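Let's walk through this model together, one question at a time. Have a look at the sequence and structure, and we'll start with some aromatic side chains.

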Amino acid sequence: DRDVTGVQTCALPICEIGYLYRKVRTFCDKPSTGQLRQSLKHGLEQELQEYYKLLVLIQEQVILSSLTS
């Protein structure tokens, strides 16, 4: 019972991040008009690129830790 609660506690933020990612990605994929909207879209796309980089780093660390344990 405690293990399930721990897994749920860890999984919830990951699910929330995935949900928010999809919302932002959907916004960025829509055609946009107007300078303000295009600027916002550009900024969000840059942030998503940083997010991808962080995911790669985390994945590398997980793989390395699984190989060393």
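Q: Which residues do ring pairs link into a cluster?
A: Keep in mind that this is a predicted model. A search of the whole structure turns up 3 aromatic pairs. Ring pairs join three tyrosines into a cluster, namely Tyr21, Tyr51 and Tyr52.

Q: Is the pair of Tyr21 and Tyr51 stacked or tilted?
A: The ring centres of Tyr21 and Tyr51 are 5.6 Å apart, and their planes meet at 25°. Planes under 30 degrees apart count as stacked. With its 25°, the pair of Tyr21 and Tyr51 is therefore stacked.

Q: How many residues apart in sequence are the parts that Tyr21 and Tyr51 tie together?
A: Tyr21 belongs to helix H1, whereas Tyr51 sits in helix H2. The pair therefore ties together parts of the chain whose separation in sequence is 30 residues.

Q: What is the arrangement of the rings of Tyr51 and Tyr52?
A: Tyr52, like its partner, has its place in a helix, here H2. The ring centres of Tyr51 and Tyr52 lie 6.4 Å apart, with the planes at 50°. An angle of 50° is neither under 30 degrees nor over 60, so the pair of Tyr51 and Tyr52 is tilted.

Q: What is the relative accessible area of Tyr52?
A: For comparison, Tyr21 has a relative accessible area of 24% and Tyr51 has 26%. Partly exposed covers the range between the cut-offs of 20% and 50%, and Tyr21 and Tyr51 are partly exposed. Tyr52 is partly exposed as well, and its value is 34%.

Q: Which helix gives the most to the lining of the largest pocket?
A: The largest pocket holds about 180 Å³ of space, and its lining includes Tyr21 and Tyr51. Helix H1 (2–29) and helix H2 (35–68) each supply at least two residues of that lining. With 6 residues, the top contributor is H2.

Q: How many residues of the lining of the largest pocket are charged?
A: Among the lining residues are Ile17, Leu20, Val24, Leu44, Glu47 and Glu50. The lining has 8 nonpolar residues and no polar ones. Glu counts as charged, and the charged residues of the lining number 2.

Q: What is the radius of gyration of the protein chain?
A: The chain has 2 helices and 0 strands. For 69 residues the globule rule gives 11 Å, and the chain is well over that, so it is more spread out than a compact globule. Its C-alpha atoms fill a box of roughly 50 × 30 × 15 Å along the principal axes. The radius of gyration of the protein chain is 17 Å.

Q: What share of the residues in the protein chain is buried?
A: The chain exposes about 6,200 Å², and carbon and sulfur atoms supply 63% of that area. Buried means under 20% relative accessible area. Of the 69 residues, the buried share is 6%.

Conventions: Residues are numbered from 1 along each chain as its sequence is written. This is a predicted model: local features need pLDDT of at least 70, side-chain atom pairs count only at pLDDT 80 or more; totals for chains, interfaces and linings use all residues. Side-chain values use heavy atoms; hydrogens and water are left out. On a 1 Å grid over the protein atoms alone, a cavity is a set of points where a 1.4 Å probe fits but cannot get out, and a pocket is an open set with protein on both sides within 12 Å along at least five of seven lines; lining residues have an atom within 4 Å of a point. Grid points are joined across faces, edges and corners, and a volume is the space filled by probe spheres set on the points. Helices (H or I, at least four residues) and strands (E, at least two) are DSSP runs, numbered from the N terminus. Rings of Phe, Tyr and Trp (its six-membered ring) pair if their centres lie within 6.5 Å; planes under 30 degrees apart count as stacked, over 60 as edge-to-face and the rest as tilted. Buried means under 20% relative accessible area, exposed over 50%, partly exposed in between (1.4 Å probe, protein chains only). The radius of gyration is taken over C-alpha atoms; the globule rule is 2.2 Å times the number of residues to the power 0.38. Accessible areas come from the Shrake-Rupley method with a 1.4 Å probe; for residues, only the protein chains shown count as cover.
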